[in-house]
Amino acid sequence: MPGIDKLPIEETLEDSPQTRSLLGVFEEDATAISNYMNQLYQAMHRIYDAQNELSAATHLTSKLLKEYEKQRFPLGGDDEVMSSTLQQFSKVIDELSSCHAVLSTQLADAMMFPITQFKERDLKEILTLKEVFQIASNDHDAAINRYSRLSKKRENDKVKYEVTEDVYTSRKKQHQTMMHYFCALNTLQYKKKIALLEPLLGYMQAQISFFKMGSENLNEQLEEFLANIGTSVQNVRREMDSDIETMQQTIEDLEVASDPLYVPDPDPTKFPVNRNLTRKAGYLNARNKTGLVSSTWDRQFYFTQGGNLMSQARGDVAGGLAMDIDNCSVMAVDCEDRRYCFQITSFDGKKSSILQAESKKDHEEWICTINNISKQIYLSENPEETAARVNQSALEAVTPSPSFQQRHESLRPAAGQSRPPTARTSSSGSLGSESTNLAALSLDSLVAPDTPIQFDIISPVCEDQPGQAKAFGQGGRRTNPFGESGGIIKSETEDSILHQLFIVRFLGSMEVKSDDHPDVVYETMRQILAARAIHNIFRMTESHLLVTCDCLKLIDPQTQVTRLTFPLPCVVLYATHQENKRLFGFVLRTSSGRSESNLSSVCYIFESNNEGEKICDSVGLAKQIALHAELDRRASEKQKEIERVKEKQQKELNKQKQIEKVYSPNV
């Protein structure tokens, strides 16, 4: 092509500065061509990638439209007209997908291949030749430098021959490399134009072919189908606009009517309490225990259904039974400094729930409604009229109880009423003393007021003094509130028949005034848990409780060191919680001073892993084994005593006979 400057190949041997300067211009041009072609390659590759993505997306769209009729939509999933319309669209889009796939193939062959060849082959060839030429030029300069330093006075034919041969070889290599390099740079000007025009030509031809295929697929039948679909869309849009206008008017009316209801506690004069309800629904906060002393409040939707109180969380399809409220009791309570709380207790007293209403109106209506349902008014022919006659009793239930003590006393059964079955108890000092009348025992007769509570386990302090390693409860000085001896306790538990180990957590201990009734353990549990809640004490010391026929041991699970030892004869009472079977406790009767007659009782409360009853059973078994062992020991000692008396009598008799023999000759 005329007008293109060339590098003079015939001047490569001379390698003049002018030639090198011209070479620099061509190298700079080659670098600019390489940068530009890389950018153009990236742009065309984006076109190719976008076309591939469009082809894949079109194919996926057609596939999804075909699968529409297989979908199971909760609303409107059986629309046959919509299914047939989408099937028709899927066919057309599938044909377009085929056209896009053909276009992708043509772009790969006609557009991407030429520019990729120029980038990967021609431009890399220029870079390779440039590096080789630079190396050859450096070698030639070094050979000429060595040739120039040949000595004039001391000529060495061998050295001269080697240097001359080196100059010959390096000059030949430089010349040949330079000629090929110049040729490649001259050719690059032609290849540049080909690499620019050929991909563009291929791109345009591929697009023209794609448009021709599209025009062939768009026939008159398809145009009529698209026109009908457009009309249907306009009809659906008009119907939607009309429905939206109706809903907006409904929203405005409801906003005006509901404005007073936005206040959480509306004015009771405008919204009076309806005390004749036998059905009610609404959101309440339910108190849930998350631990021994901690709790959370969860907001759920509650509704009554016959004689049942149902609860339903958001997202649930149906509600679940929360409590049977037939013959239940309901009352307003003060709970955790929250307003509008009320407590529902089942007819047998085994289950209770504390709920919180949002407003005073809801609070009173819920109490009245549950009272009406509890009296089974909903079963009458006219529930509202029947409920109106018992409004007075419902009003009395709305008055909160003044204190926790009164609520506690109100939950106790009256004299003569049967008490629910208590937990498993056993005591050597309380056999046959179980009473069914809880009201016969007052709180002050169980636990003294203001009794200090011990929340931590204090391990015994070892004092290496003789005579202080005494068993628990055998008199002697005590150095901690648990009654442990100051010295090291040595028990012969290795020979015990029973060895059972349980994982327990110590909750607390306190001195009690009585040790002959399981209510002592229950009341101690209540006071310790209440004290932990008041003082925010959540830490519990975990130990291993070892039950043997001799004693109960608390062992450190890390060091296996005995923390506390409780002699089994001193354990006079033990019981589990009536509802929470993880809680159990026992009462230890010990001497509070050097005098054996001055006895005191301390109640220890623990939490286990749902093994409270098992622990009590184990303690009971240990006491039975110990009792039988003690009886056997006493019988054995009595037999030995009898044998000793007989032996003594026999010795005296023998002695008497000896004396008679000695004096008989004289007689």
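# Notebook: a sheet and its surroundings

I began at a single pair: Cys335 stands opposite Arg338 in strand S6. Strands here, like helices, are DSSP runs numbered from the N terminus (H or I, at least four residues, for helices; E, at least two, for strands). Two strands count as a pair if DSSP finds at least two bridges between them.

**Before going on.** I noted that this is a predicted model, where local features need pLDDT of at least 70, side-chain atom pairs count only at pLDDT 80 or more, and totals for chains, interfaces and linings use all residues. Residues are numbered from 1 along each chain as its sequence is written, and side-chain values use heavy atoms, with hydrogens and water left out.

**Entry 1: S5 and S6.** I looked up how these strands are joined, and found 6 bridges between S5 and S6, which run antiparallel. I also read that, in general, strands of a sheet pair through backbone hydrogen bonds, either parallel or antiparallel. Another partner pair here is Val333 with Cys341 in S6. The hairpin of S5 and S6 has 2 residues between the strands, and Glu336 takes a positive phi near 50° in this hairpin.

**Entry 2: S6 and S7.** Next I followed S6 to strand S7 (residues 352-356); they run antiparallel and share 5 bridges. I met Cys341 again, now standing opposite Gln356 in S7. The hairpin of S6 and S7 has 6 residues between the strands, and Gly349 has a positive phi near 75° there.

**Entry 3: how covered is S6?** I asked how many of the residues of S6 are buried. The count is 6 of its 8 residues, so S6 is mostly covered, since buried means under 20% relative accessible area (exposed is over 50%, partly exposed in between; 1.4 Å probe, protein chains only). Tyr340 is found in S6, and this residue is buried, with a relative accessible area of 16%. The phi of Tyr340 is near 60°, a positive value in a residue other than glycine. My textbook note says that most residues other than glycine have a negative phi.

**Entry 4: the whole sheet.** Which order do the strands take in the open sheet of 7 strands? I traced S4-S3-S2-S1-S7-S6-S5, with antiparallel pairing. The edge strands are S4 (320-324) and S5 (329-335), each pairing on one side only. From one strand to the next, the twist averages 40°. Axes are lines fitted to C-alpha atoms, for helices over the stretch in contact, and angles run from 0 to 180 degrees between N-to-C directions.

**Entry 5: S1, S2 and a helix.** I found strand S1 (residues 281-289) paired with strand S2 (residues 295-305) in the antiparallel sense over 9 bridges. Asn285 stands opposite Arg299 in S2. Helix H5 (residues 360-374) lies across S1, S2, S3 (308-312), S5 and S6 (338-345), and runs at about 10° to S6.

**Entry 6: Asp15.** I moved to the segment before helix H1 (17-66), where Asp15 lies. Asp15 has a positive phi of about 55° although it is not a glycine. Is Asp15 buried or partly exposed? At 22% relative accessibility, Asp15 counts as partly exposed.

**Entry 7: His544.** This residue has its place in strand S11 (residues 541-548). At 18% relative accessibility, His544 counts as buried. I listed what His544 touches, not counting residues up to four places away in sequence: Leu501, Phe502, Ile503, Lys553, Leu554, Ile555 and Pro557. Contact means heavy atoms within 4.5 Å.

**Entry 8: the protein as a whole.** I looked up the totals last: there are 11 helices and 16 strands in the protein. Buried residues make up 35% of its 667 residues. Among contacts between residues at least 6 apart in sequence, 66% join residues at least 24 apart. The accessible surface of the protein comes to about 41,000 Å², and 53% of this belongs to carbon and sulfur atoms. Accessible areas come from the Shrake-Rupley method with a 1.4 Å probe; for residues, only the protein chains shown count as cover.
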